[in-house]
Amino acid sequence: MFKKINLLLLSSALALSACSGHYSTPPLADVERIQTDMKRVADWQIANWEQRIDWNKGGVLTNQHGVANWTNATLYVGMLELADITGDKKYQDWVIARGEQAQWQRDMTYDRLYHADDYAVGQAYFDLYLQSGDKKMLEPVKNHLDWIMANPKTGSLEWKKGTDRLNRWGWSDALFMAPPVFARLAAITKEQKYLDFMHQEYMATYDYLWDKQESLFFRDSSYFDEREKNGEKVFWSRGNGWVFGGLAIMLQDLPADWQHTPFYVGLFKQMAERLKGLQKPDGSWPMGLLGGVEGYPNKEVSGTGFFTYGIAWGINAGLLDKDEYLDTVIRGWHALETSIQADGMLGYVQPVGAAPGDSGPKKTEVYGVGAFLSAGAEVIRLQKSAL
């Protein structure tokens, strides 16, 4: 299906042509090595899935997140990407087993009816439904989305108690959790109502949290007046990664002739251009995007994973110019692959949070692995499609 690429020539040319006074482009690993690294990380995660180190509780070992939790929803998306790009169905089978374990239901842990996190797992369920046609993978989440649309919330997104901030999409992360599920359901059912609702709610979040001057999203309204040590506004890397990765996923399902598709394409391109200029010399992005290397010297791979995935996908989809963005992808992947520990654990993942925080070689989380696997799959597709 894909044409082979002379990786040695490509990486050598880029190393010569994309140099600056601050960095030189590292060599890009070949397809076989990237697949090997992806499988090492995925296999470590599967072997260690039932327990996790909770860094927010002092690094204690605790049970894994709920099987249908948003954290694992992100992991499942990456596992399905790995299965698709390698043809190794054991990773798809593992996700199917998790779906069976959850009885194909949304996350019921907190019994929340509207929270976007709780139906993010629909992304993986719907992907599997498209492959199998088994309605048990579709109907539970579809029925819940139908209920939300029949009983919509319309209150404020302001980040304080008593508002509809969690009943709607009042935080940037929600733009990864919810819109791709609605967009995929619209593509499956061919029903316009899912796109109409998605666009209505997306625009409410965009109008509230998008900073037109910086072309970035605030995580939520509580950060409007927060500042980095250098005086810049606080824009969380993973928060914007959620948005950017979510755009790349949902754009794959938006009809080309839908009147609002140009808005999402334009937003994706605008974010890509802004993000390109914020990449650090080591190929990662700072946890606070405007805080720079000085504020955030450590790598952080969950934000970097989504940015690398999104930009690589944008090139593959013909939305981003390869000559302009390929260097960014190569450097981003280098930051990701050099975060793998000797045993296959993916390090440098910021723990669950809502703002720039801490990372390190021993810190990992399932959503970081999901972003890594999605990025690796797109980098491989980029290589295979090149002349």
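So, D173: leaving out residues up to four places away in sequence, D173 touches R219, W236, G239 and W242. Before I go on, keep in mind that this is a predicted model. D173 sits in the loop between α6 and α7, with α7 being 174-177. Is D173 buried or exposed? With 6% relative accessibility, D173 counts as buried, the cut-off being under 20%. And if you want a feel for distances, take A312: A312 and D173 are 139 residues apart along the chain, and their C-alpha atoms are separated by 21 Å.

Let me put another loop residue beside that. G231 is in the loop between β4, residues 216-217, and α10, residues 237-251. G231 has a relative accessible area of 45%, so G231 is partly exposed. From G231 to Y110 you go 121 residues in sequence and 38 Å in space, C-alpha to C-alpha.

Okay, on to the core. The largest nonpolar core has 121 residues, and the members touching the most others are M38, Y119, W169, M198 and Y202. Which helix gives the most to this core? That's α15, residues 366-385, with 11 residues.

I'd like to stay with Y119 for a second. Setting aside neighbours within four places in sequence, Y119 is in contact with R106, Y114, V141, H144, L145, I148, W169, A178, V181 and F182. Hold on to V141, L145, V181 and F182 from that list, please, since those names come back right now.

They come back in the packing of α6 on α8. Helix α6 covers residues 139-150 and helix α8 covers 179-189; their axes come within 11 Å and cross at roughly 110°. That crossing makes α6 roughly perpendicular to α8. Who meets whom? On the α6 side we have V141, K142, L145 and M149, and on the α8 side V181, F182, L185 and T189. Sorted by class, that contact has 6 nonpolar residues, 1 polar and 1 charged. So V141 and L145 of α6 and V181 and F182 of α8 take part in this contact, and Y119 touches those four residues too.

Now a second helix pair, α3 and α5. Helix α3 runs over residues 70-86, and the α3 and α5 axes come within 8 Å, crossing at roughly 35°. Y76, V77 and L80 from α3 meet Q123, A124, D127 and L128 from α5. The class count for this contact is 5 nonpolar, 1 polar and 1 charged.

Next, charges. How many salt bridges does the structure hold? The count is 25. I'll walk through a few.

One of them is K136 with E100, where the closest N and O atoms are 2.7 Å apart. K136 is in the loop between α5, 122-132, and α6, while E100 is in helix α4, residues 90-101, so this pair ties together parts that are 36 residues apart in sequence. K136 counts as partly exposed, at 37% relative accessibility, and E100 is partly exposed with a relative accessible area of 37%.

Then there's K193 with D146, the closest N and O atoms being 3.9 Å apart. That's another link between distant parts of the chain: K193 belongs to helix α9, residues 192-209, and D146 to helix α6, and they are 47 residues apart. K193 is partly exposed as well, at 37% relative accessibility.

K193 has E191 as a salt-bridge partner too, with the closest N and O atoms 3.5 Å apart. E191 comes out as partly exposed, at 32% relative accessibility. Elsewhere, salt bridges sharing partners join R33, D37, R40 and E337 into one network.

Last topic, backbone angles. As a reminder, most residues other than glycine have a negative phi. Which residues here go the other way? W104 is one of them: phi is near 60°, so a positive value in a non-glycine residue. W104 sits in the loop between α4 and α5, and W104 is buried, with a relative accessible area of 2%. S215 also has a positive phi, near 55°, and is not a glycine either. You'll find S215 in the loop between β3, residues 210-211, and β4. S215 is buried too, with a relative accessible area of 11%.

That's what I had. Questions welcome.

Conventions:
Residues numbered from 1 in each chain as written. Predicted model: local features only at pLDDT ≥ 70, side-chain atom pairs only at ≥ 80, totals over all residues. Heavy atoms only, no water. Axes fitted to C-alpha atoms, helices over the stretch in contact; angles between N-to-C directions. Helix = DSSP H or I, 4+ residues; strand = E, 2+ residues; numbered from the N terminus. Parallel < 35°, antiparallel > 145°, perpendicular 65-115°, else oblique. Contact = heavy atoms within 4.5 Å. Nonpolar A, V, L, I, M, F, W, Y, C, P; charged D, E, K, R; others polar. Core = buried A, V, L, I, M, F, W, Y, C linked by side-chain atoms within 4.5 Å. Buried < 20%, exposed > 50% of the residue type's maximum accessible area, 1.4 Å probe, protein only. Salt bridge = Lys/Arg side-chain N within 4 Å of Asp/Glu carboxyl O.
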